[in-house]
Amino acid sequence: MLAVTAAAAVLPMAAPSTAGADTTADLRVESYVLPAGAAIPSLAELHSAEGRERLRRMATAAEPGEALAQETVGPAASSAPLSRRPSGSPPADTTTGVQQRAALGPAATAPEPARTMTYDECVKGLGSDKKFYVKSRFAVCHGASFLQTWTRNGQPVGTSMFNVRAVGTIAKNRRTITFQYYFTDFTTAGTTGAATMPITTKATIPQSWPSGARYTRGGTMPGTKTFTQLKAQRRSRTP
């Protein structure tokens, strides 16, 4: 079973089980987590040792563990390593805005932080090499590509993959963070057991401050669904 943890991070927990049909009963599968949107080797490329080594390098280069966005501050910043990559870039007119506010004096006010983020904004912000995109402290997203290579007798015979992007937003005057999970770009090539492969989505809060804080969970999670079911669903929302 492949478990997808999507809240602060999206990571695999285990390899997916193989299907029971005669054509796939002897398949073995390996799962890799790569940056969302990364150029993934094709099945033809994986037939060569060079292609398989390229995939291993891509997976190894991905930052291990529960890395945090560079913008993380306060007690949370010491709970895990900070990402080595920036989570986003300031708008092109940031400098101009600062100069305008300075000219206006103490009465100047900063614009209200963004509290919404679209799927397209998340995709653009993550690009092909970032784990996080921080639009504001109230609107962030995270994502990864999940690639499975299917082998028979040690030789690649198929691949399957999908992308997961999680967008977290907080509405004004609310204490609820809502996560929107987008499951997209489902593809298969060659012989695989992907159609009936179960995928589990979990949301976790690894640590909080103060330690005695209590949470109320609501909404609906995708739970455990097959590759085919998630492909049809595309997205899920939970506060």
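**Chat notes: a helix, a hairpin, two cores and a disulfide**

Q: What does helix α2 span, first C-alpha to last?
A: This is a predicted model. Helix α2 covers residues 49-61, 13 residues in all. From its first C-alpha to its last it reaches 18 Å, close to the 18 Å expected at 1.5 Å a residue.

Q: Which residues of α2 are buried?
A: Gly51, Leu55 and Met58.

Q: How wide an arc do they cover around the axis?
A: Only 60°. That puts Gly51, Leu55 and Met58 on the same side of α2.

Q: And what do the buried residues of α2 pack against?
A: Against β3, α1 (43-46) and β5.

Q: Which exposed residues sit on the face turned away from the buried side of α2?
A: Glu50, Thr60 and Ala61.

Q: Moving along. Where is Ala67?
A: In the loop between α2 and α3 (94-104).

Q: Buried or exposed, that Ala67?
A: Buried. Ala67 has 9% relative accessibility, and the cut-off for buried is under 20%.

Q: What is Ala67 in contact with, leaving aside neighbours within four places in sequence?
A: Pro81, Ser83, Lys131 and Phe132.

Q: How far is Ala67 from Ala77?
A: Their C-alpha atoms are separated by 10.0 Å. Along the chain, Ala67 and Ala77 are 10 residues apart.

Q: New topic: disulfides. How many does a search of the whole structure find?
A: The search finds 1. It joins Cys122 to Cys141, with S to S at 2.5 Å.

Q: Why is the Cys122 and Cys141 disulfide assigned its hand?
A: The torsion about the S-S bond is about 100°, so this disulfide is right-handed.

Q: Which parts does the pair tie together?
A: Cys122 lies in helix α4 (residues 119-126), and Cys141 lies in strand β5. So the pair ties together parts that are 19 residues apart in sequence.

Q: Are Cys122 and Cys141 buried or exposed?
A: Cys122 is buried, and Cys141 is buried too.

Q: Now the strands. How do β6 and β7 run?
A: Antiparallel. Strand β6 is residues 155-170, strand β7 is residues 177-190, and 12 bridges join them.

Q: What do β6 and β7 form?
A: A hairpin, with 6 residues between the two strands. In the turn, Asn173 has a positive phi of about 60°.

Q: Which residue in β7 does Val164 stand opposite?
A: Phe183.

Q: Which residues touch the most other members in the largest nonpolar core?
A: Phe183 is one of them. The others are Phe146, Trp150, Phe162, Phe186, Ile199 and Phe227. This core has 18 residues.

Q: Which elements give two or more residues to it?
A: They are β3 (28-34), β5 (139-152), β6, β7 and α5 (227-233). β7 gives the most, with 4 residues.

Q: How many residues are in the second, separate core?
A: That core has 9 residues. Among them are Met117, Cys122, Leu126 and Ala139. Cys122 is also one half of the disulfide.

Q: Back to Phe146. Where does it lie?
A: In strand β5. At 0% relative accessibility, Phe146 counts as buried.

Q: How far apart are Phe146 and Ser160?
A: In space, 8.4 Å from C-alpha to C-alpha. In sequence, Phe146 and Ser160 are 14 residues apart.

How values were computed
Residues numbered from 1 in each chain as written. Predicted model: local features only at pLDDT ≥ 70, side-chain atom pairs only at ≥ 80, totals over all residues. Heavy atoms only, no water. Pairing = 2+ DSSP bridges. Core = buried A, V, L, I, M, F, W, Y, C linked by side-chain atoms within 4.5 Å. Buried < 20%, exposed > 50% of the residue type's maximum accessible area, 1.4 Å probe, protein only. Disulfide = S-S within 2.5 Å. Expected span 1.5 Å × (residues − 1). Arc of directions from axis to C-beta. Contact = heavy atoms within 4.5 Å.
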